[in-house]
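User: I am new to this structure. Please take one strand and look at it closely, together with its surroundings.

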Amino acid sequence: MHKILCRTALLAALCAALPACESLQVLEGVQIQGVDLSPLASAGRNLGELGEKSQDEELVIGASTAELLLKQARLLDAPALQAYVNQVGRWVALHSERPDLPWRFGVLDSSVVGAYAAPGGYVFITSGMLAQMDSEAELAGVLAHEVAHVVQRHHLAAIKQKAGAGLLTDLSRLALQASQAGSSAPAPGTSVSTQQFDQLVTNLYTRGLDRGDEYEADQMGAVIAARAGYDPYGLATVLQGIGTMKQDDATLVTFLKVHPNIGDRLTRLEPTYQYLDQAAAGGSQQTLDQRYQKALSAK
């Protein structure tokens with residue numbers, strides 16, 4: 001664990017200067033302590049295979065999923081903080097493999113510790129999670145993890161895998177409507193509002209994604225955060241802080257239920273950090289502690 005706590009200076013130019021896909025492809029064939037980093041190199045390689053129709057479906061599913069999430073917790077009434085989180089989130093997303101999605105970020109008025117992604121570029125973080133952070137690099141790390149979920153279509157794949165034939169037909173029809181509307185977002189009223197869909201999505205976010213999806217989002221998120229110029233150890237710092245909280249804390253129960261063990265996540269992150277450290281010796285990346293504290297206090 002001390003390997004994560006001991007931060008090595010990282011060179012922002014290395015990751016930020018490379019195009020998104022190219023900077024991941026340099027991981028091809030790399031092994032550190034017997035761990036193959038090649039899977040990261042394939043991230044984004046086949047992102048266009050599903051075609052425009054599939055992206056229309058994704059936008060419809062995402063808008064409907066985001067609507068359900070917002071029924072569980074409303075947006076925090078803090079315009080300045082909302083704008084700040086959107087600024088950080090969109091900068092991070094621009095350095096992902098899907099910069100052209102209509103990314104939207106929001107702070108939920110909830111004391112629970114959590115962050116959520118929905119298909120199509122929706123990312124939410126709770127005010128409870130923000131309270132656990134001390135720097136913009138930590139915020140960027142958590143947002144980059146959620147961005148990685150969207151990039152890899154983790155939630156979309158899980159929803160479509162569980163959807164029945166009738167629901168899939170509805171999704172195709174709604175996607176066609178969105179496509180004909182010619183907009184980057186679903187037209188008003190173009191949403192999935194069936195009981196089957198609502199229950200499916202509720203179950204997904206209650207149960208959580210597959211553990212492999214979470215590990216992949218951790219690793220890919222660290223790379224995206226580094227590429228955006230942030231200290232990629234921000235995510236690890238947040239996880240370590242959560243690990244010091246009382247594990248029976250009511251605000252932490254759901255987070256622990258839907259994510260892998262924190263120790264396992266940190267261990268699996270080590271090879272990615274080691275790679276970034278070795279590839280970027282001699283530089284420094286930003287944590288922006290003071291800017292974060294100023295934004296948080298202004299809410």
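Analyst:
**Strand β5 and its surroundings**

Start at the turn that leads into the strand. Three residues lie between β4 and β5 in their hairpin, and there G120 takes a positive phi near 90°. This is a predicted model, and the values here are computed from it.

Now the strand itself. β5 covers residues 122-126. Five of its five residues are buried, so the strand is largely enclosed by the rest of the structure. Buried here means under 20% relative accessible area. In a regular strand the side chains alternate between the two faces of the sheet. In β5, Y122, F124 and T126 point one way. V123 and I125 point the other way. Both sets are buried.

Next, the partners. β5 pairs with β3, residues 104-108, through five bridges. These two strands run parallel. One bridge sets R104 against Y122 of β5. β5 also pairs with β4, residues 115-118, through four bridges. Here the strands run antiparallel. A115 stands opposite I125 in this pairing.

A115 leads on to the cavities. The structure holds three cavities of 30 Å³ or more. The largest has about 200 Å³ of space. It is lined by 18 residues, and A115 is among the closest to its centre, along with Y116, Y205, V258 and H259. Which elements give two or more residues to this lining? They are β4, α8 (136-151), α11 (195-207) and α14 (253-258). So much for position; now the make-up. Nine lining residues of the largest cavity are nonpolar, seven are polar and two are charged.

The second largest cavity has about 80 Å³ of space. A115 lines this one too. The rest of its lining is M129, V142, H145, E146, L235, V238, L239, F255, H259 and R265. Helices α8 and α13 (234-243) each supply at least two of the lining residues. By type, the lining of the second largest cavity divides into seven nonpolar, two polar and two charged residues.

To retrace the path: β5 is buried along its five residues. It has β3 as a parallel partner and β4 as an antiparallel one. Opposite I125 of β5 stands A115. A115 is among the residues closest to the centre of the largest cavity, and A115 also lines the second largest.

Notes:
Residues numbered from 1 in each chain as written. Predicted model: local features only at pLDDT ≥ 70, side-chain atom pairs only at ≥ 80, totals over all residues. Heavy atoms only, no water. Buried < 20%, exposed > 50% of the residue type's maximum accessible area, 1.4 Å probe, protein only. Pairing = 2+ DSSP bridges. 1 Å grid on protein atoms, 1.4 Å probe; cavity = no way out; pocket = protein on both sides within 12 Å on 5 of 7 lines; lining within 4 Å. Points joined across faces, edges and corners; volume = space filled by probe spheres on them. Nonpolar A, V, L, I, M, F, W, Y, C, P; charged D, E, K, R; others polar.
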